[in-house]
Amino acid sequence: MALIRPTGKHRRPSRISRTTAGAAGVAALTTTGVISGLAAPALAADSSADHASTGLTQAIAINDTLADEIDAQAAAQKQAAVEAAAQKKAEDAARQKAAEQKRKAEAAAKEKAKKEAEAKAAKEAKERARERAARDAERKRLNGYVAPVSGSYVSTSYKAGGAMWSSGSHTGIDFHAASGTSVQAVGAGTVVEAGWGGAYGNNVVIKMNDGTYTQYGHLSSINVTVGQSVTPGQQIGLSGSTGNSSGPHLHFEARTGAEYGSDIDPIAYLRSHGVAV
């Protein structure tokens with residue numbers, strides 16, 4: 001019965017094929033550093049027999065065990081290279097991620113600082129606007145005029161005739177006011193007279209900032225002194241019926257000078273300063 005030798009991929013390489021391949025593999029592995037040398041006794045045992053059969057004096061035969069070890073070492077080096085590449089890739093990815101996180105953190109900090117600076121600037125601008133508005137309002141108030149008695153009306157007009165007035169006519173206007181009603185400076189100025197004024201009774205005369213004068217007569221009490229600065233709406237006394245008076249009211253005059261007889265129309269004067277009377 002004839003023996004059938006295995007063929008194809010299942011056939012084991014012949015001794016001479018493995019010897020030749022082994023020799024070539026040793027040369028290549030020695031060159032690349034996989035192995036730097038082989039144990040002389042192990043090689044010598046195989047090479048002495050093979051030299052005679054192959055006639056290749058320089059060939060080195062490697063037995064199956066040593067070939068497996070070389071294959072394993074090559075595979076280990078390849079795996080180590082793969083792992084090293086993977087580790088490097090992971091480290092690069094980690095560095096890139098850290099750099100991106102740092103960039104985002106710096107961008108967020110910069111944006112936060114920008115918003116805080118903008119908020120601070122807006123707050124300061126708002127505060128400056130508020131202060132400017134307050135100064136403007138105060139300036140307007142100080143330059144403004146008000147009626148000498150709030151919520152009142154003129155009960156006796158300017159230049160009204162009658163025996164009650166020594167000049168023959170009324171040199172001011174009378175505002176209706178019960179006794180004790182607050183009387184206020186119509187504008188900003190300086191008190192030049194505060195006390196008894198003869199027919200005017202207790203009276204106050206103020207030199208206004210625009211150079212004119214205002215007078216407040218028949219007061220029951222006085223709350224200011226000569227030389228004192230007053231502002232629009234500041235209380236200077238209380239209404240009454242002192243002096244030449246037929247009953248409680250406020251006598252108000254506007255003058256071009258401090259002297260009696262320099263009177264001007266009080267209603268026109270107040271209206272020229274924006275007071276509705």
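Start with the whole chain in cartoon view: four helices and ten strands, where helices (H or I, at least four residues) and strands (E, at least two) are DSSP runs numbered from the N terminus. Going from the N terminus, the order is α-α-α-β-β-β-β-β-β-β-β-β-β-α. This is a predicted model, in which local features need pLDDT of at least 70 and side-chain atom pairs count only at pLDDT 80 or more, while totals for chains, interfaces and linings use all residues. Residues are numbered from 1 along each chain as its sequence is written, and side-chain values use heavy atoms, with hydrogens and water left out.

**Colour by confidence**

Switch to pLDDT colouring (the predictor's confidence in each residue, from 0 to 100). The chain averages 83, and 75% of its residues reach 70 or more. Now select 1–6: pLDDT stays under 50 there, and the model gives these residues two contacts beyond four places in sequence, a contact being heavy atoms within 4.5 Å. Residues 15–53 are also below 50, and that stretch has 42 contacts beyond near neighbours in sequence.

While everything is still on screen, try a surface. About 17000 Å² is exposed, with carbon and sulfur atoms supplying 57% of it; the areas come from the Shrake-Rupley method with a 1.4 Å probe, and for residues only the protein chains shown count as cover. Of the 277 residues, 29% count as buried, meaning under 20% relative accessible area, with exposed over 50% and partly exposed in between (1.4 Å probe, protein chains only). Among contacts between residues at least 6 apart in sequence, 58% join residues at least 24 apart.

**Select 189–208: the first hairpin**

Here E4 (189–196) runs antiparallel to E5, joined by seven bridges; two strands pair if DSSP finds at least two bridges between them. Look for Gly195 opposite Asn203, and for Trp196, whose bridge partner is Asn202. Five residues separate the two strands of this hairpin, and in the turn Gly198 has a positive phi of about 65 degrees.

E4 has another antiparallel partner to show: E7 (229–230), through two bridges. There, Gly189 stands opposite Val230.

Stop at Thr190, also in E4. Is Thr190 buried or partly exposed? It counts as partly exposed because its relative accessibility is 30%. Leaving aside neighbours within four places, Thr190 touches Val205, Ile206, Lys207, Gly227, Gln228 and Ser229. For a distance label, pick the C-alpha atoms of Thr190 and Tyr213: they are 9.6 Å apart, with these positions 23 residues apart along the chain.

**Extend to E6**

E5 is mostly covered, with six of its seven residues buried. Add E6, and you'll find five bridges joining it to E5, again antiparallel. Val205 pairs with Gln215 in E6. This hairpin has four residues between its strands, and Gly211 in the turn has a positive phi of about 95 degrees.

**Show the core as spheres**

Which residues touch the most other members of the largest nonpolar core? Select Val204, Ile206, Tyr216 and Ile236, out of 26 residues in this core. A nonpolar core here is a set of buried Ala, Val, Leu, Ile, Met, Phe, Trp, Tyr and Cys residues joined through side-chain atoms within 4.5 Å. Elements that each supply at least two residues include E2 (173–176), E5 (202–208), E6 (213–222), E9 (249–255) and helix H4 (266–272).

Centre on Ile206 next. Beyond four places in sequence, its contacts are Ala185, Gly189, Thr190, Val191, Val192, Thr212, Tyr213, Thr214, Tyr216, Val230 and Ile236.

**Last stop: Glu253**

Jump to Glu253 in E9. It counts as buried because its relative accessible area is 0%. What does its side chain contact at 2.7 Å? The side chain of Tyr200 makes a polar contact there, defined as a pair of N or O atoms within 3.5 Å; within protein, one must be able to donate a hydrogen and the other to accept it, and residues adjacent in sequence count only if both atoms are side-chain atoms. A polar contact of 2.8 Å also links the side chains of Glu253 and His251. To see the full surroundings, add Thr171, Gly172, Tyr200, Tyr213, Thr214, Gln215, Asp263 and Pro266, which Glu253 touches when residues up to four places away are not counted.
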